[in-house]
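Here is a short briefing on one protein model. Have a look at the sequence and the 3D view, then read on topic by topic.

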Amino acid sequence: MNKPWQDKLRKITPYVPGEQSKDPDIVKLNANENPYPPSPRVQQALRAFHADGLRLYPDANATQLRTALARHFGLAADQVFLGNGSDDVLALCFQAFFCADKPIFFPDLTYSFYPVWCSLFHIPYRTIPLDDQFRIRPDDYAPANGGVVLPNPNAPTGIGEGLDFVRRLLDNNPDAIVIVDEAYIDFGGTSALPLLDEYENLVIVQTMSKSRSLAGLRVGFALASPALIAVLEAVKNSYNSYTMDSVTLAAATASVEDDAYFRQTCAQVVRTREQTARALQALGFTVLPSLTNFLLVTHPAAPAQALFDALRARKIFVRYFHLPRIDNHLRITIGTDEEMDRLLAALRDILAN
């Protein structure tokens with residue numbers, strides 16, 4: 001029997017992350033995690049951390065990490081905002097910048113957390129279809145709106161666009177905030193960073209989960225004008241001033257300060273991605289051009305759901321989305337060369353039977 005108070009509860013369909021497993025034999029290619037460990041400096045920072053410091057609140061301003069990121073990107077510290085993963089940063093951006101009555105715009109095939117936040121924060125939205133090649137057309141975002149958010153490179157397609165694309169998007173929206181979600185930018189994409197000084201309505205969001213192998217720590221950040229960063233800080237401090245803990249701040253700072261290791265591991269992921277794409281094409285797969293650490297693929301003779309199930313039976317986890325337009329596609333995270341060899345061997349066996 002339904003209770004009267006149950007009618008007052010929030011009704012929402014949450015975001016569903018990739019399946020997790022504790023089985024050490026699983027080849028886990030379903031969550032876009034980095035196959036390589038964090039920088040050795042991160043391990044050193046963790047070993048050097050004194051547990052006694054946990055009795056104190058962390059630096060609410062994350063000064064050390066903010067300064068390191070500002071130096072890394074050639075920005076001022078007041079152009080950097082930090083949060084508990086890019087999901088936290090994006091959620092704060094939605095609350096801070098999408099306050100108009102008009103709907104915000106984002107692609108129909110994109111990060112599936114966007115509509116969840118819109119529902120949670122009561123933000124009207126409109127999805128804009130990708131074209132037949134799964135590309136985002138910037139002129140589709142020219143009509144009056146309450147803001148724009150989109151990933152570049154996009155997910156789950158992996159397709160990235162250049163600076164001319166972002167510039168056109170911004171020129172079409174001079175009176176709205178444009179958020180460019182660059183979660184995968186370090187695997188070959190073109191960052192909108194050079195446009196920050198030119199467009200005060202641009203917000204760039206990045207994460208350390210993918211390219212810096214820190215998914216378990218949850219570190220995200222936004223880059224924008226000091227005025228927009230100040231609004232984000234005000235929103236954050238209205239409900240939680242301490243979004244990042246002391247251990248995370250120390251480890252993340254160490255990661256940012258090891259640029260050589262960061263570039264080395266990103267380059268290795270890119271090399272493995274290109275090798276895997278060619279091998280999949282040789283097996284008859286259509287592979288979308290990717291500038292991320294994953295590939296979106298489809299096979300003309302093998303249904304994606306059947307491939308997903310067959311791979312899972314072989315303890316290889318990939319991602320299947322039961323969504324219009326991509327319900328016959330699989331998203332495959334790039335792992336180590338050995339993990340990708342195991343995937344390819346399994347696919348050869350499945351397709352041969």
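Cys118 is buried, with a relative accessible area of 2%. Keep in mind that this is a predicted model. The points below cover cysteines, pockets, a strand, a helix and one buried threonine.

**Cysteines**

- Cys118 takes part in no disulfide. Its nearest cysteine sulfur belongs to Cys99 and is 12 Å away. A disulfide needs the two sulfur atoms within 2.5 Å, so this pair does not count as one.
- A search of the whole structure turns up 0 disulfides.
- Cys266 has a relative accessible area of 5%. The cut-off for buried is under 20%, so Cys266 counts as buried.

**The largest pocket**

- The space in the largest pocket comes to about 1200 Å³.
- Its lining has 49 residues. Closest to the centre are Tyr15, Val16, Tyr111, Ser112 and Arg319.
- Several elements give two or more residues to this lining. The helices are α3 (85–97) and α4 (113–121). The strands are β3 (104–107), β4 (125–128) and β12 (319–320).
- By type, the lining of the largest pocket splits into 26 nonpolar, 12 polar and 11 charged residues.

**The second largest pocket**

- The second largest pocket has a volume of about 310 Å³.
- It is lined by 17 residues. Nearest its centre lie His72, Phe73, Asp186, Phe262 and Arg263.
- At least two lining residues come from each of α2 (63–73), β7 (202–207) and α8 (259–282).
- Which element gives the most to this lining? It is α8, with 4 residues.
- The lining of the second largest pocket holds 8 nonpolar, 6 polar and 3 charged residues.

**Strand β7**

- β7 also helps to line the second largest pocket. The strand is mostly covered, with 6 of its 6 residues buried.
- Its side chains point two ways. Leu202, Ile204 and Gln206 point one way. Val203, Val205 and Thr207 point the other way. Residues on both sides are buried.
- β7 pairs with strand β6 (residues 178–181) through 4 bridges, and the two run parallel. In this pairing, Asp181 has Val205 of β7 as its bridge partner.
- β7 also pairs with strand β8 (residues 220–223) over 4 bridges, this time in the antiparallel sense. Here Ile204 has Leu223 of β8 as its bridge partner.

**Helix α9**

- α9 spans residues 304–313. Its buried residues are Ala304, Leu307, Phe308, Ala310 and Leu311.
- An α-helix has 3.6 residues a turn, so residues three or four places apart point the same way. Look for that spacing in the buried residues of α9, such as Ala304, Leu307 and Leu311.
- What covers these buried residues? The cover includes β11 (316–317), β12, β13 and α10 (337–352).
- Just after α9, Lys315 takes a positive phi of about 65°.

**Thr333**

- Thr333 lies in strand β13 (residues 330–333). β13 is also among the elements that cover the buried residues of α9.
- Is Thr333 buried or exposed? Its relative accessibility is 1%, so it counts as buried.
- Its contacts leave aside neighbours within four places in sequence. They include Leu29, Asn30, Ala31, Asn32 and Glu33. Thr333 is also in contact with Asn293, Phe294 and Met340.

Technical notes
Residues numbered from 1 in each chain as written. Predicted model: local features only at pLDDT ≥ 70, side-chain atom pairs only at ≥ 80, totals over all residues. Heavy atoms only, no water. 1 Å grid on protein atoms, 1.4 Å probe; cavity = no way out; pocket = protein on both sides within 12 Å on 5 of 7 lines; lining within 4 Å. Points joined across faces, edges and corners; volume = space filled by probe spheres on them. Nonpolar A, V, L, I, M, F, W, Y, C, P; charged D, E, K, R; others polar. Buried < 20%, exposed > 50% of the residue type's maximum accessible area, 1.4 Å probe, protein only. Contact = heavy atoms within 4.5 Å. Pairing = 2+ DSSP bridges.
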